[in-house]
Structures are given as structure tokens and as C-alpha cells.
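Here are some worked exercises to try with the model open beside you. Take each task first, then follow the solution step by step.

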Amino acid sequence: MSVATTAVTPPSAHEPERGHAGARIVNALATVDHKRIGLRFIVTAFAFALAGGVLSGLVRHQLAAPQSTFLGPDAYDQIFSMHGTTMMFLFAVPVMQGMALYLVPLMVGTRNIAFPRMAAYAYWMYLAGGIFVYAGLLLNIGPDVGWFSYVPLAGPQYGVGKRSDFWAQLITFTEVSSLLIAISVITTAFKLRAPGMSLDRIPLFVWAMLVTSFMIVFAMPAVMLASTELLLDRLVGTHFFNPSEGGDPLLWQHLFWFFGHPEVYLIFMPALGMMSPIIATFSRRPVVGYPAMVLSLIATAFLSFALWVHHMFATAIPELGKTFFTAASMMIAIPSAVQIFCWIATLWTGRVRLTTPLLFVLGFFVILTLGGMTGIMVASVPLDLQVHDTYFVVAHLHYVLIGGAVFPLLGAVYFWFPKITGRLLSERLGRWHFALLFVGINVTFFPMHQLGLDGMPRRIYTYAAETGWGPLNFVASVGDMITDVAMLLFAVNVVRSLWRGAVAGPNPWDAATLEWAVASPPPSPNFDEPPIVGGREPLWDAGGIAGRVRGLAHEPPEALVTTVVDALPDHRYALPQPTLWPLVSALATTALFVGSVFTPWAVVWGAVPVGAAMTRWFWPRRWEYRQRIAVERSP
Amino acid sequence: MNASRRMLPVCCVCVSLCACEREARTFPAPSPPPVPASQEIAAPARTAPPASGPNEKNAYAMSEGKRLFHWYNCAGCHAEGGGDKGPALMDDVWIYGSAPENIYATIVEGRPNGMPAFAGRITPEQTWQIVAYVRSMSGLVASTAAPGRDDAIAAHEPESRSERKPPKDAAPPAPTP
Amino acid sequence: MSALLPAGPQAAHVAALWDVMLVVTGIVFVAIVAATIVAVARARRGAADAPSDAAGATAGEQRSHRIIWAAVLASTVLLAGLVVASAVTDRALASLPTDGALRITLTAHQWWWEATYEDGGVHDRFTTANELHIPVGRPVLFTLAASDVIHSLWVPELSGKKDLIPGRVAPHAWRADRAGTYRGVCAEFCGYQHAHMALLVIAEAPDAYAAWAERQRQPAAEPADDAAKRGRDVFLTSTCAMCHAVDGTTAQAQRAPNLTHVASRRTIAAGTLANSPANRAAWIADPQAIKPGANMPPHALRPEDARALFAYVDTLQ
């Protein structure tokens with residue numbers, strides 16, 4: 001193949017002049033570059049994490065002393081509900097998807113993500129949903145019944161006003177966004193890999209994101225269904241959750257937790273995927289037991305769908321059924337244990353370099369393992385019946401989410417920051433960040449185990465001094481302040497390094513995967529001539545990069561589609577080019593979703609602009625056809 | 001495209017205008033007693049009610065009104081709004097007037113033919129909440145603030161879905177002297 | 001309140017399981033963390049720029065695999081053991097003998113507990129609120145119901161929790177083997193005053209319980225002095241009787257706690273305040289200051305009526 005000699009110029013709306021400010025804004029809004037979209041997801045998610053952290057600071061301030069009057073019950077209920085909702089829906093899943101959007105195409109050796117316009121649309125939907133629910137919080141319409149919003153408290157009779165509707169519609173926004181990104185990731189990982197990168201040569205991070213994306217496809221519909229039913233009950237008076245008319249409050253719990261349990265694994269599994277490249281790089285050897293690692297990821301994904309009733313052990317479900325879920329909830333520890341043992345073996349037999357990313361990974365080993373141990377405890381029905389809905393569970397969930405997801409994520413940020421920005425983060429500040437965060441998290445959450453055993457239930461806005469819960473709550477609040485200082489150091493580190501960090505070359509860590517083969521930051525397109533892969537560690541193996549793909553066009557930008565299992569070249573694929581229609585469609589969809597909180601007619605009338613925008617989006621353009629015909633070559 | 005872009009700020013403005021009143025949760029505060037309790041239990045209230053219903057855009061107040069409608073057994077005579085021994089409350093016929101102050105006077109003073117006087121038994125704030133709820137039954141309040149369906153047997157459509165039934169008031173009677 | 005200080009068999013079984021799990025998971029945790037620390041500490045530290053090692057270390061690979069398999073096998077065996085321990089505890093919990101149990105129908109409301117004792121015949125039934133007395137050594141069989149939203153009954157020293165779900169009734173049983181006062185809470189977020197929805201369970205000797213139950217069955221005593229009599233009139237003619245019941249009077253509403261013997265309880269407002277005349281007066285005057293969002297409105301009474309009312313409530317022993 002060779003590049004066409006006559007390039008067809010598309011209309012000028014799609015090639016604005018460089019340097020013109022308005023043109024740069026349009027460019028930014030119309031981008032289909034997976035790196036820019038992925039970075040947007042990551043930055044927006046961290047912004048929401050900051051908001052969620054402020055909310056948790058308010059919670060800890062209120063609970064630091066008994067009978068505090070800092071917050072009344074109404075404000076407290078909105079704040080704790082928004083904290084959970086923000087962290088789970090607006091930070092944890094989107095940030096992982098953002099990392100996947102950025103890294104997966106680079107790691108598999110292709111020029112862009114599959115369906116990049118859909119990915120752009122997904123970002124705008126995520127941003128719109130986040131703005132929507134935070135506007136609600138600022139207007140006193142913040143959700144106030146917890147991040148899992150049980151009915152009947154969230155239902156039409158007891159959920160007064162529009163607060164639960166805002167929560168339910170936020171779910172719709174974020175689940176649409178997550179589902180679409182998952183589809184893009186699956187397609188990229190299966191069909192756009194570099195030639196020679198067979199399934200048994202895919203990096204473990206890509207495996208983790210692939211498995212996570214499949215989980216999203218199967219889990220998200222349950223919560224979309226539940227939130228839609230809740231909206232219908234509240235808005236038009238259906239009876240899904242009304243026991244007097246044949247509905248059931250437990251239906252909500254089943255539907256929500258069928259999603260909700262895989263949800264926490266949606267957050268955990270990408271972090272497992274981040275652990276592997278960091279450990280491999282800083283042990284200077286590949287991770288031990290690649291097949292076991294992959295099978296563990298897949299086993300965890302399957303098993304995670306079999307656990308949901310463990311959130312409902314206190315309800316009147318038959319005991320024998322609950323015991324099944326105890327067994328499944330304990331057994332899911334085994335694939336995670338396999339991974340942990342493989343990593344320890346990797347460290348043990350490698351040559352360890354103790355850098356900041358690895359420090360965060362080591363933090364995972366302590367914090368996640370402790371959370372996993374309490375997880376085994378709460379997996380047991382009788383023990384859970386004592387600690388369910390108490391601060392013991394709050395401690396457990398923060399240990400597994402922070403230890404299991406946030407620590408690897410922070411390690412990943414330190415690891416991939418030089419690739420994304422071209423500059424290294426400060427190691428010195430990084431060590432301080434790690435140390436303070438490790439101490440802060442333990443000081444905040446370890447006392448909560450005792451508080452739960454001492455009878456402190458969740459979601460109480462205050463407590464009496466006679467309960468004796470004051471001292472440990474005070475300690476937890478102090479720990480929260482230490483955590484705040486740690487994250488402030490992180491913010492300082494990021495800001496300083498963006499301007500004055502040490503310049504990073506393509507591969508400052510001497511890592512093994514393909515993203516380290518291109519400049520830092522990577523150019524657009526990622527690969528002028530994508531690699532042909534000859535091994536599992538392309539930059540380490542002799543013959544790891546066995547050649548280059550030549551002849552892919554730039555106008556239109558083309559990717560090479562390969563077969564699913566063996567990554568044999570299949571055909572050339574013209575990648576979509578920048579366009580504003582995903583943004584416009586997202587605005588129209590936002591109007592539909594926001595309107596339908598207030599009136600069912602919004603679904604009808606709102607569908608018209610959505611349909612129009614999407615039709616215009618997908619309508620084929622003549623100049624696109626001319627471009628493609630110009631680069632056609634007959635065999 | 002422009003219409004969609006303009007709709008979003010318009011929606012925001014509408015949301016913000018509607019939200020503040022709708023979503024306020026004002027828990028009752030103690031107020032000086034307007035009604036002498038023990039010696040004059042049989043006599044209706046003599047004080048003039050305030051000018052207009054304060055609650056018709058407030059979801060919490062109407063939800064409380066609905067709770068009190070059931071707790072104080074209004075349904076015992078009025079059923080779920082369809083009427084039984086007492087007249088229907090969800091239609092457009094208002095014997096004693098549909099204005100909030102009329103309904104307030106009806107509850108506090110009682111009416112001939114069996115409506116008891118609840119003066120001194122229901123606090124003024126609670127009475128205003130019930131007034132707003134009663135008006136919501138015939139769609140006379142903001143539908144985004146009106147209550148949704150009950151978690152009970154569906155005796156009527158949710159108040160938020162009831163179509164507006166403009167009152168066929170005769171000239172409402174003056175409050176009884 | 002502590003789940004680790006059991007006062008009855010249900011909580012004791014769980015406390016025993018806790019001990020087993022703490023030991024086993026504690027050992028596993030220490031082992032994993034120790035292995036990690038040793039792995040990092042002992043691993044050969046190469047020079048910072050030494051090349052990475054794709055093909056190297058294959059010699060030790062077989063040994064690594066065998067150790068990993070052994071560790072996984074050990075973990076599986078331990079986990080299976082814990083599943084068995086959990087199932088054994090489950091069976092122990094389910095085999096509490098309930099012959100001759102004291103039957104109580106417990107209905108959860110926003111934000112208080114209604115208890116109807118069903119012991120004996122129809123005429124022996126009585127209803128109280130927020131404070132349960134039970135005889136030591138006799139099982140208690142609850143029928144749990146909820147009137148509005150989902151609540152959860154949790155008295156950690158006696159038993160694990162059980163949710164009270166609208167539209168369902170659920171059985172729940174425990175037994176107190178040690179006399180004492182055990183505090184319970186609502187353990188499922190149920191709205192504004194979820195934080196202030198406690199109940200007291202007082203386990204006492206069987207004859208003390210019988211005496212208490214007999215007193216509970218009595219209607220309210222006739223007030224002795226004029227102030228209390230006038231207070232009863234205030235009670236019956238103002239907002240109080242719209243929601244509260246006092247047996248022996250015409251006040252029979254079921255929407256709020258039964259007040260027939262309210263002055264004999266140790267706490268009021270679902271465990272929020274110690275039950276003293278001053279606290280009762282403060283609660284009646286302005287419940288919203290103590291439990292904002294509660295369903296009880298502030299009471300606008302003239303001072304002399306209020307004093308009379310308080311005097312009457314004081315007689316409801």
C-alpha cells in the first residue's frame with residue numbers, strides 16, 4: 001500500500017486555521033482524539049473527586065463531636081448522599097474509563113479508539129450529568145436518600161420534591177456514558193490491535209479494561225432499569241415499588257445491587273489492571289503467571305455477578321438462598337488472591353526499584369488486603385447481620401475502594417503522567433503524598449471498624465455523647481484532615497510539574513508496553529506507522545517490534561482492523577474525523593433527560609431534536625466518500 | 001441546533017425559579033397561641049386567617065398535608081377525595097369557596113352539615129399544609145410540587161397528574177362573624 | 001452497645017464467629033503484608049539503568065508457580081473453612097427454641113418503635129413505644145412490620161439486625177440470658193431523624209417483667225389533683241389527642257406513641273432524651289428543636305394550659 005498522491009480537502013469548517021482562538025475552541029469541542037477525550041474524563045473525574053472530598057470533609061466535621069450543630073439533618077442527608085453518589089458515579093468509574101480511553105489504543109498499537117465520536121458524546125453526557133446533579137445540590141434539590149436510594153424512602157410518597165428524580169436521572173446520564181465507552185473499549189481491544197498482538201500478548205491493563213467493559217455492558221442495564229422505574233413511579237404513578245398494588249420495595253434492592261455489586265468491581269478491576277504494568281516495570285520483569293492473571297480477571301468478573309444479595313442479608317430473603325451468596329462472596333477472594341500472589345512473586349523474583357508509583361502499589365497490598373479481610377467477614381450472613389449498615393461497613397468499603405482503586409490509580413497517575421504531559425512528577429513530593437495519604441486513610445477508617453462493632457449505624461447526622469462514640473469519631477475526623485493535606489500535596493505536585501517538572505523522554509521508566517514507544521506526549525495520530533508486535537513485552541522482548549505497518553492514509557486517518565484472536569490484518573478502516581455533532585446531540589439529549597424529570601411530555605418532544613442531531617451526525621458526507629475513494633487501491 | 005442550545009439555559013432558569021420554593025423544607029417553629037384552648041373548645045376561631053396559601057409551590061408542605069389528611073382521618077368523610085358523607089374534594093365544586101383562606105376557614109371553623117371545627121386541634125401551620133394538599137387534589141397547585149402517588153392502594157391518580165379543574169365558585173361566603 | 005458483649009445466644013454465636021474470623025483473617029493479613037515487605041526488601045536491587053529482563057528469571061519461574069499454587073490452595077481451604085463456620089453459625093441462629101416465646105408485634109414508624117405485646121389472651125394485649133421489657137431466659141418472637149419506609153431493628157448485644165419492610169411481615173427471635181438494659185437503634189436510613197430512633201430493651205427477672213406487664217395493661221390512673229384533671233382536658237381537646245392514645249380516655253389515635261404509661265419510661269422521643277419532667281416539657285413545647293423534621297408539631301398552648309398538661313403527663317406512670 002502507498003499513500004495517495006491526491007488528498008481531497010474537506011470543507012473548511014473542518015480545518016480551521018491554526019492559532020485562531022475561536023477555531024481552537026471549535027477544535028476542542030469537535031475533537032475525536034481519544035487522548036484528548038480520555039484526558040477530559042480523567043481531569044473532570046478528579047474535579048468531581050475534589051467536590052466529593054469537600055463533602056466528606058463536611059461529614060467528618062459534623063461527626064467529629066457528639067450533638068454537633070454544624071449541619072442539620074436535611075443538609076447532612078444531602079451532603080452524605082452526594083458524597084457517595086459523586087465518588088461512585090462521577091469519579092470512580094469515569095476516571096478508570098478515562099484511563100482506558102487514553103491508554104488502550106496506545107497499548108494495542110492503533111491510532112485511535114473505535115467509535116471516537118461516540119466516545120466524545122459519552123464525555124459530554126457524563127459532564128452534563130455531573131453538572132446537572134451538582135446544580136441540584138446548589139438549588140437544594142440534592143439527592144438526600146443515600147447513594148443507593150432505597151424505596152420507599154426515595155419513592156413518590158416519602159421522597160418529597162425532585163431530589164430523587166435528580167438522582168435517578170444522574171444515573172441515566174452516567175450509565176449512558178459508561179455503556180458507550182465500554183463499547184468503544186471492547187471494540188478497540190478486539191478489532192484494532194496491532195498485527196501480531198494475539199490475545200495472549202495483550203497487556204494485562206488492556207485485559208482488565210476489556211473484562212471491565214464487558215461487566216459494564218451486563219451490569220449497567222439493571223440500574224438503568226431500576227432508575228427508570230423509580231422515575232416512572234414518581235412522575236406518572238406506576239407501581240413498580242408499591243406493595244399495595246403488586247410491586248415490591250425489594251425489587252429496587254435486587255435491581256440496584258445486581259448492578260451495584262459489579263459496580264464496585266468495575267472500579268476495582270481497572271485498578272488491578274494498573275497494578276500489573278507498574279509492578280512489572282519496577283521489578284524489571286514481566287508479571288509472573290500471565291495466563292493465571294488473565295483467568296483471574298475473567299473469574300472475578302463472572303463471580304461478581306453472583307454476589308448481589310450480600311447487600312440484602314438483613315431482609316426477609318430465605319436463609320438457604322443467602323448462604324449461597326456467602327459462599328460466592330468468599331470465593332471471589334480466590335482469583336484476587338491469585339493475582340496478589342503472582343504480584344508478590346514478581347516482586348520477589350525481580351529487581352525492585354522503589355519509585356512513587358510502586359509505593360502506591362505497595363499501599364494497595366496493605367490497605368486492600370485489610371479491606372478484603374473485612375470483606376470476608378461481611379460475606380458471612382450471621383456476622384453481616386451484626387455489622388451491616390454500621391460504620392464497620394463504611395470502614396470496609398473505604399478500605400477496599402481506596403486501597404484497591406485509589407492507591408493504584410494514584411500510582412498510575414505518577415506512572416503515566418510523564419507519558420501524558422511530557423514531564424515527570426516530583427518524586428520527593430510523591431513520597432510525602434504517599435506517606436501522608438497512607439497514614440491519613442488508616443487513621444480515618446480503621447477506628448470505624450470499632451465504631452461499627454460498638455453500635456454506630458450509618459447515615460446518622462449526629463449521636464449522643466453517652467454512646468461513647470465521640471473519641472473515635474474525633475480521631476477519624478483528624479485522619480480526614482491528614483488525608484486532605486496529602487491530596488493538597490498531590491495537587492501542588494501536579495501543578496508544579498506541569499510547568500517545571502523534569503522533561504520526560506518516550507520511556508523514562510524503561511517500561512515494556514507500546515505506549516512507551518512513542519514520544520511524550522504522544523503525537524496525533526499515535527503512530528505514523530503502527531508497529532507489528534512479536535512478543536508480550538514489545539519493548540523488552542528481542543523482536544518485540546517485528547516491523548511497521550506502512551501505507552495507512554492520513555486523510556482520511558486510517559486504522560488497521562485485525563482479527564480478534566490472532567490479530568491478523570483484515571482491512572483498512574477510515575476513522576471518523578472531528579465534528580461538533582456529538583456535542584450537539586449531547587445537548588439535545590441533556591434537554592430531554594432534564595425535561596423528563598419535570599414532565600413526561602419531555603420524552604416525546606425532546607426526542608425530536610435528539611433524533612435530528614443524531615441523524616445529522618451520522619449522515620454520510622460527500623467529501624468523506626471522495627477522500628476514501630482517493631486512497632483506494634485495487635488489488 | 002440553536003433551539004436545543006437555547007433550551008438548556010431556559011430549562012436552567014425554570015428549574016432555578018421553581019426549585020427554591022419547591023424544595024425548601026421548613027420544619028415548624030413554635031408560635032404564640034392564636035386560639036384559646038380549654039375554655040372555648042366548642043367555639044370556632046375568630047382570628048382572620050392570613051392572606052393566601054403559603055404552600056402551593058412547596059413540595060414538603062403538600063406532602064405533610066397529605067400525611068395529615070390521612071392521619072386526621074379526613075378520608076373518613078371525604079374518602080380519598082371522591083367524597084362519601086362529606087363532599088368530594090377533587091372536583092371543581094367548592095361549596096364554601098376554593099381560595100386557600102376559604103378552605104382554611106372551613107377546616108378551622110367547621111361548616112354546617114357535619115364538617116367539624118378543628119380549631120385548637122390542628123395547628124395553624126398544619127392546617128395550611130392540609131389546605132394546600134386539598135387544592136392539589138383538583139390540580140390547582142404547581143404540578144411539579146404536588147405529591148406523587150401513595151404507597152397504598154391506588155384510589156385516585158397522583159395529585160401531580162391531576163388535571164386542573166378550575167373551581168366553579170359561586171361568590172364565596174364571607175367568613176362567619 | 002457492643003456486638004462483642006453478647007447478652008444472649010444469638011449475639012453470642014456471632015461473637016464466637018467473629019473471634020474465629022478475626023484470628024484467621026488476621027493471620028492471612030499479616031502473612032500477605034509480610035510477604036510483600038520481604039519481597040521488596042530482599043529483591044535484588046539493580047542499578048537504576050540496568051536493562052529490564054523479559055526472558056530472565058525463568059529459572060525461578062517453576063518454583064514461583066508451585067508456591068503460588070500452594071498459597072492459593074491454602075487460601076481456598078481456609079475460605080471453605082470459613083464458609084463452613086458461617087453456615088454452622090447460621091444453623092445455630094436458626095435453632096433458637098421458640099416454645100413459649102413472648103410474642104411482640106413490632107412496627108417501625110418514622111421515627112419511633114411501636115410494640116404490641118401479644119402474650120396471653122386478647123384482653124392481655126397492650127401497646128407501648130420505644131421501650132421493651134422482656135423476661136430473662138424466655139425467647140422473644142417478634143413479628144416485624146413497617147408502616148412507612150424500610151427500617152432495621154438492631155440491638156447488638158442481643159442479636160443481629162433484621163429489616164422492617166413495608167408490605168412484608170418478618171419473624172425475628174432472640175433471647176436475653178443476662179439482665180440488663182440494652183440499647184438498640186434503627187439501622188436502615190429512614191429519613192431526617194434516623195439518627196434519633198433508638199429503643200431500649202430491658203431484660204429483667206421474670207417476676208419483675210410480669211409486674212411491669214401487669215402495670216402496662218392498666219389504663220391511665222384517674223388524676224388526683226385539679227391541675228392534672230385540667231391537663232387531661234387540655235390533652236383531649238387540643239392537638240395531642242389527634243395522634244396519641246391514652247388508654248382509659250377517649251384519646252385512641254394510633255399515629256403516635258401510646259402515652260398511657262409514658263412517664264414510667266426511661267427515655268422519651270425514641271431514646272433521644274432522658275425522661276424527666278423538664279425534658280418532657282421541652283419536648284412537648286418544641287419537638288422540632290430536638291428532632292427537626294419529626295412528625296410532632298410544636299405546641300402553642302397558653303402557659304397555664306401547658307403547665308396543666310405537663311402535670312397530667314407526669315401522672316401517666
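**Exercise 1. Find the bridge partner of A:Leu560 in E4(A), then describe the hairpin around the pair.**

Step 1. Look across from A:Leu560: its bridge partner in E4(A) is A:Arg572.

Step 2. Place the strands. E3 of chain A spans residues 558–562 and E4 of chain A spans residues 569–574, and the two pair in the antiparallel sense over five bridges. Helices (H or I, at least four residues) and strands (E, at least two) are DSSP runs, numbered from the N terminus, and two strands pair if DSSP finds at least two bridges between them.

Step 3. Check the turn. Six residues lie between the strands of this hairpin, and A:Ala567 takes a positive phi near 55°.

A note before going on: this is a predicted model, where local features need pLDDT of at least 70 and side-chain atom pairs count only at pLDDT 80 or more, while totals for chains, interfaces and linings use all residues. Residues are numbered from 1 along each chain as its sequence is written, chains are lettered from A and ligands numbered from 1 in the order in which they are written, and side-chain values use heavy atoms, with hydrogens and water left out.

**Exercise 2. Describe the interface of chain A and chain C.**

Step 1. Count the residues: 83 from chain A are in contact (heavy atoms within 4.5 Å) with 82 from chain C.

Step 2. Find the area. About 7000 Å² is buried between these chains, and carbon and sulfur atoms give 68% of it. Buried area is the accessible area (1.4 Å probe) that two parts lose on being put together, summed over both. A:Trp348, A:Arg351 and A:Gln386 supply 11% of what chain A buries against chain C, more than any other three residues.

Step 3. Look for charge pairs. There are two salt bridges between chain A and chain C, each a side-chain nitrogen of Lys or Arg within 4 Å of a carboxyl oxygen of Asp or Glu. A:Asp248 forms one with C:Arg168, their closest N and O atoms being 2.5 Å apart.

Step 4. Ask which element of chain A gives the most to this side. The answer is H10(A), with 11 residues.

Step 5. Sort the side of chain A by class: 50 nonpolar, 17 polar and 16 charged residues. Here Ala, Val, Leu, Ile, Met, Phe, Trp, Tyr, Cys and Pro count as nonpolar, Asp, Glu, Lys and Arg as charged, and the others, Gly among them, as polar.

**Exercise 3. Work through the contact of chain B and chain C.**

Step 1. Chain B brings 25 residues and chain C brings 22.

Step 2. The buried area is about 2100 Å², with 61% from carbon and sulfur atoms. B:Phe27, B:Trp71 and B:Arg121 supply 30% of the area that chain B buries here, more than any other three residues.

Step 3. The salt bridge count between chain B and chain C is zero.

Step 4. Helix H2 of chain B (residues 59–71) gives the most to the side of chain B that touches chain C, with five residues. That side holds 14 nonpolar, seven polar and four charged residues.

**Exercise 4. How do the two domains of chain C meet?**

Step 1. The domain assignment, which is automatic or from a database, gives domain 1 (102–205) and domain 2 (226–314) of chain C. Their centres, taken over C-alpha atoms, are 22 Å apart.

Step 2. In chain C, 17 residues of domain 1 are in contact with 18 of domain 2.

Step 3. The two domains bury about 1400 Å² between them, 50% of it on carbon and sulfur atoms, and the salt bridge count is zero.
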